[in-house]
Amino acid sequence: MNTLTPSEYLPEKSADTTRFTRNFRAEKFDFWSFFFSGLTGAATWLIVAILATILLNIGINGWSAISWHFVSTIPKKDFFDANTTGVLPMIVGTSIRVIVMTIFVIPVGVITAIYLTEYAANTSLLTRIIRAAVNNLAGVPSIVFGLFGLGFFINFVGKNLDKILHNTDAVWGQPALVWASLTLAVMTLPVVIVATEESLKAIPAGLREASLALGATKLQTILRVVLPQALPGILTGGILAVSRAAGEVAPILFTGVAYYMASLPSHLSDQFMDLGYHVFVLSTQSPNIEQTRPILYATVLVLLILTFALNLVAVLIRSNIRKKMRSMH
Amino acid sequence: MAEITMPKMNLPGTATTVSASAPLIAIENLSLYYGASKALKNISLGLGEKVVTAFIGPSGCGKSTLLRCLNRMNDLIDNVRIEGSCKIGGHDIYAKDVDAIELRKRVGMVFQKSNPFPKSIYENVAYGLRLHGMKAKSELDAVVEKSLRGAALWDEVKDRLHSSALGLSGGQQQRLCIARAIAIRPEIILMDEPASALDPLATARIEELILELKKEFTIVIVTHNMQQAARISDYTAFFYIGELIEFDTTAKIFTNPSKRQTEDYVTGRFG
């Protein structure tokens, strides 16, 4: 067999020299490509525009009314007076109810997610029922959660607690910080469950196998390998839950929020004032809308900042954990 | 009772023949079903102590499945049913009173894809030790070092024991997984294609290591690489579609197999 030279095995040069010399410009304007890229871009920018409008409107109108006095004062009964009012009790109430909710919702949500992903057989009827329940829970209107909280937590749990503790006056069987927090916890449970489940599922099967092959029990594997890995995802669930809960008013309407309180809540069985509900009160109950408008804007701005701050805490913890996971020592 | 295939060892230089009467691992008439499909068909096989046995065969022949029977990793999969028996040191590992957790302490495993925990190098090796109750730092330090030396990794990592295991190269990660496995002193180490994702140099290091480990451990290795099986194993079992076709000394399998199918496979005519 004799060797071929390149000129023998390469195809002959094309006579058509225009093939590569002509420029690559499209021959005609592609309308549909242009249209759809424009449409998708416009839809995306619409979101940005809406958000910017809201934030700018609130920021500009609210900023001027915010002062140290405003955020540090417990208002008198007539809190529609822009010069003397403050929102300290609302900041405290909203913060505490969100924090207490987080303390309840994270463990329950995480444990449920662990059961669903690590223990339950995927195809069993029970698992399917639980999953359907979680998904439907996420779709229940928030006012229904409020009514549930009133019926279950206050009228059932609270009243019975009073009976057991022999309280002569209603202590637990009335709207309270703890019931509002628990109602919010029930509402945000699906968010935490789904986020945790996703992060558990994302952990490579190889890590679980490695642990089990070393003679670890399932529980040891979950506690030592799976959960530490899932922590950022769990915190994401917490962040979403906090975001959702901070601004919700409907679930706390019957379960703990007060129109007015002369002092800060000091006990979990106390009622509390709330930023979101206060916005509603300011905008519907004011005797003089024009005078109330600046403090209404300012209250909304405080609510936004508070929500952002609560999120920021979780985001910082999460990024700290991620950094640790990357650079372990 | 099924006959246990245990060939006489007649390689030069290996005068100590493994007793044919009591192999360390005795698999008898083992069948495994995934749901209704039978993935392993009446496998009978006896594996000796402190030798390397290679399982070879085309993909889907059941060699990994059989390997995972030996530390009951198949238990973790739904719908798996096992018939027949598998004895290690005379004890049926599928008997009702056997704790798979205890079994896995004695039968370690190294996986195809290196799977170090996202922890430090030190913590990876110490993981199994801590699980089984070792707490004293001096003791942990000693075993971690010994295991890393045993896995021929110590010199490369001794200065960064507390940095992430994920920063190691693929070959180093796999040797770390071996160190992790040997740290808890199993008797048997199962290796599921431990070098298939590694480059030739890293593969060579793993192979050297296996030959070294054989002095202390019984090793069963699944491999797709026939040269690898020939280089490192004392015995080779050839599987095809769930059946054990032939089991013999590696020398015999690769030079003078008794079955036509084996010959076709090891010479590369199919598979």
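Over how many bridges do strand S4 and S5 of chain B pair, and in which sense? In this predicted model, S4(B), residues 80-88, and S5(B) pair over two bridges, and the sense is antiparallel. One of the residue pairs here is B:Lys87 with B:Asp92, the latter sitting in S5(B) as the bridge partner. That little pairing belongs to an open sheet of four strands, ordered S2-S1-S4-S5 in chain B and paired in the antiparallel sense. S2 (37-47) and S5 (91-92) of chain B take the edges; each has a single partner strand, so one side of each goes without a neighbour in the sheet.

Stepping back to chain B as a whole, there are ten helices and ten strands to place. The C-alpha trace spans about 55 × 40 × 35 Å along its principal axes. For 271 residues, a compact globule would come out with a radius of gyration near 18 Å, and the 19 Å of chain B agrees with that. Burial fits into the same overview: 47% of the 271 residues of chain B count as buried. As for how the chain folds back on itself, take the contacts between residues at least 6 apart in sequence: 67% of them join residues at least 24 apart.

The other sheet to look at in chain B has six strands. It is open, runs in the order S6-S7-S8-S3-S9-S10, and its pairing is mixed. S6 and S10 of chain B are its edge strands, each pairing on one side only. On average, neighbouring strands of this sheet are turned by 15 degrees against each other, ignoring direction.

At the S6 end, S6(B) pairs with strand S7(B), residues 188-192, in the parallel sense over four bridges. Within that pairing, B:Met109 has B:Leu190 of S7(B) as its bridge partner. Helix H6 of chain B (residues 170-183) lies across S6 and S7 of chain B, and runs at about 175 degrees to S6(B).

At the S10 end, the sense is antiparallel: strand S9(B), residues 235-240, and S10(B) pair over six bridges. B:Ala237, for instance, has B:Phe247 in S10(B) as its bridge partner. These two strands make a hairpin with two residues between them, and B:Ile241 in the turn has a positive phi of about 45 degrees. Although S10(B) is an edge strand, five of its seven residues (243-249) are buried, so S10(B) is largely enclosed by the rest of the structure.

Positive phi values turn up in loops of chain B too. Most residues other than glycine have a negative phi. B:Asn79 is not a glycine, yet its phi is positive, about 70 degrees. B:Asn79 is found in the loop between helix H1 (63-69) and S4 of chain B. Is B:Asn79 buried or exposed? B:Asn79 counts as exposed because it has 9 other C-beta atoms within 10 Å, against a cut-off of 12 or fewer. Then there is B:Ala152, also a residue other than glycine, with a positive phi near 55 degrees. The loop that holds B:Ala152 lies between helix H4 (137-150) and helix H5 (154-157) of chain B. With 18 C-beta neighbours inside 10 Å, B:Ala152 counts as partly exposed.

Chain B also touches chain A, through a contact that takes 25 residues from chain B and 19 residues from chain A. On the chain B side, helix H2 (100-106), strand S6 (107-110) and helix H3 (121-131) each supply at least two residues. Sorted by class, the chain B residues of this contact divide into ten nonpolar, nine polar and six charged.

Chain A brings a helix pair into the picture. The axes of helix H8(A), residues 177-201, and helix H10(A), residues 218-246, come within 8 Å and cross at roughly 145 degrees. The crossing of H8(A) past H10(A) is right-handed. From H8(A) the contact draws on residues including A:Leu184, A:Val191, A:Val192 and A:Ala195, while those from H10(A) include A:Val226, A:Gly233, A:Gly237 and A:Gly238. By class, this helix contact has eleven nonpolar, seven polar and two charged residues.

Note on methods. Residues are numbered from 1 along each chain as its sequence is written. Chains are lettered from A and ligands numbered from 1 in the order in which they are written. This is a predicted model: local features need pLDDT of at least 70, side-chain atom pairs count only at pLDDT 80 or more; totals for chains, interfaces and linings use all residues. The radius of gyration is taken over C-alpha atoms; the globule rule is 2.2 Å times the number of residues to the power 0.38. A residue is buried if 20 or more other C-beta atoms lie within 10 Å of its own, exposed if 12 or fewer, and partly exposed in between; C-beta atoms are placed from the backbone. Two residues are in contact if their C-beta atoms, placed from the backbone, lie within 7 Å. Two strands pair if DSSP finds at least two bridges between them. Axes are lines fitted to C-alpha atoms, for helices over the stretch in contact, and angles run from 0 to 180 degrees between N-to-C directions. A crossing is left-handed if the near helix is turned anticlockwise from the far one by less than a right angle, and right-handed if clockwise. Ala, Val, Leu, Ile, Met, Phe, Trp, Tyr, Cys and Pro count as nonpolar, Asp, Glu, Lys and Arg as charged, and the others, Gly among them, as polar.
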